[in-house]
Amino acid sequence: MIPYASRPSRTAKLAAVLLVAGLLLAPSTVAAQAAAPSVTLADTSITVDGGETSTVTAEYEFDVASTGSGDQALSAISGTIWQLPNRDIGDITATVNGESVEASITEQDRHWEVSVPVEDVSDGDTVTVTMEYDVAGPAGDVRAALWVPEYPTAGEGDAVGITLTLPDGQTVAGGAFPSPTTVDGNTATYELLHVPGFVAAEYGSSGPGLLSEDFLYSILGVVLITGVVVGGLAIDRRTA
């Protein structure tokens, strides 16, 4: 009877081994079934037609290295648009690869979550998303929030190009963010590594005066550096 009594014991041990193996393998199996997509913002071109009502037209190109899998597979591209004080954003129109789509907009604390659906995307594809909307605000002060996608740039080179066009006869007068790469009459251009949360500039018929914010910061920097150098020389003379 002893040989027969040992069979349940062997069966129980085998079941325990299989259970442990299942627990060890389960996480990797789930991970393999739900892999996150790998997407990079390869190129961005944004134009802001500035004024009391500014029109933002933005085009984003995404390189899709992998669409992911399972419940994390790429089905939409999301991003944020900040809610700026005293600025009203009109209806947002969007396209994906040239086809009109309905943007999903969810209001959050101080920003909107804006996403667009993407379909029939394969590994190695490029997805082009465009957005257009108006931003209303006071005259003489452009402050336009931009859609910042969830997928960043590679952080190499100037992958983001922005052109701000002001009304005829106007130019950047101060308070510019980001700092323009060039300003030519009523047009300012920006070459950036990443998409900024907004573009802002005060404008008028003449450029920044001598007491502009940028000028004052430059003077302050020179004064501080001069003070450090002069102080160092004075200490050297005393100890000489």
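Accessible area here comes from the Shrake-Rupley method with a 1.4 Å probe. On that basis, the protein in this predicted model exposes about 14,500 Å², and carbon and sulfur atoms supply 56% of that area. Of the 240 residues in the protein, 30% are buried. As for the fold itself, the secondary structure comes to 2 helices and 16 strands. Contacts that span the chain are well represented: taking the contacts with a separation of 6 or more, 73% are between residues 24 or more positions apart.

Now for one of the sheets. Strands of a sheet pair through backbone hydrogen bonds, and the pairing can be parallel or antiparallel. Here, 4 strands line up in the order S7-S8-S3-S11 to make an open sheet, with antiparallel pairing. Strand S7 (104–108) and strand S11 (148–149) sit at the edges with a single partner strand each, so one side of each has no neighbour in the sheet. Further in, strand S3 (residues 76–82) runs antiparallel to strand S8 (residues 111–117), and 7 bridges hold the pairing on record. One bridge can be picked out by name: Ile 81 has Trp 112 in S8 as its bridge partner.

Next comes a look at a single strand residue. Thr 128 belongs to strand S9 (residues 126–136). Its relative accessibility is 19%, and the cut-off for buried is under 20%, so Thr 128 counts as buried. Leaving aside residues up to four places away in sequence, Thr 128 touches Glu 59, Tyr 60, Glu 61, Thr 95, Val 96 and Asn 97.

Asn 97, one of those contacts of Thr 128, also brings up the backbone. Most residues other than glycine have a negative phi, and most peptide bonds are trans. Asn 97 is not a glycine, yet its phi is positive, at about 50°. This residue is found in the loop between strand S5 (93–96) and strand S6 (99–101), and with a relative accessible area of 45% Asn 97 is partly exposed. Arg 110 is another residue other than glycine with a positive phi, this time near 70°. Arg 110 lies in the loop between S7 and S8, and its relative accessible area of 62% makes Arg 110 exposed.

The peptide bonds have something to show as well. Phe 177 and Pro 178 are joined by a cis peptide bond, with omega about -10°. Pro 178 is located in the loop between strand S13 (171–177) and strand S14 (182–184).

Technical notes: Residues numbered from 1 in each chain as written. Predicted model: local features only at pLDDT ≥ 70, side-chain atom pairs only at ≥ 80, totals over all residues. Heavy atoms only, no water. Buried < 20%, exposed > 50% of the residue type's maximum accessible area, 1.4 Å probe, protein only. Contact = heavy atoms within 4.5 Å. Pairing = 2+ DSSP bridges.
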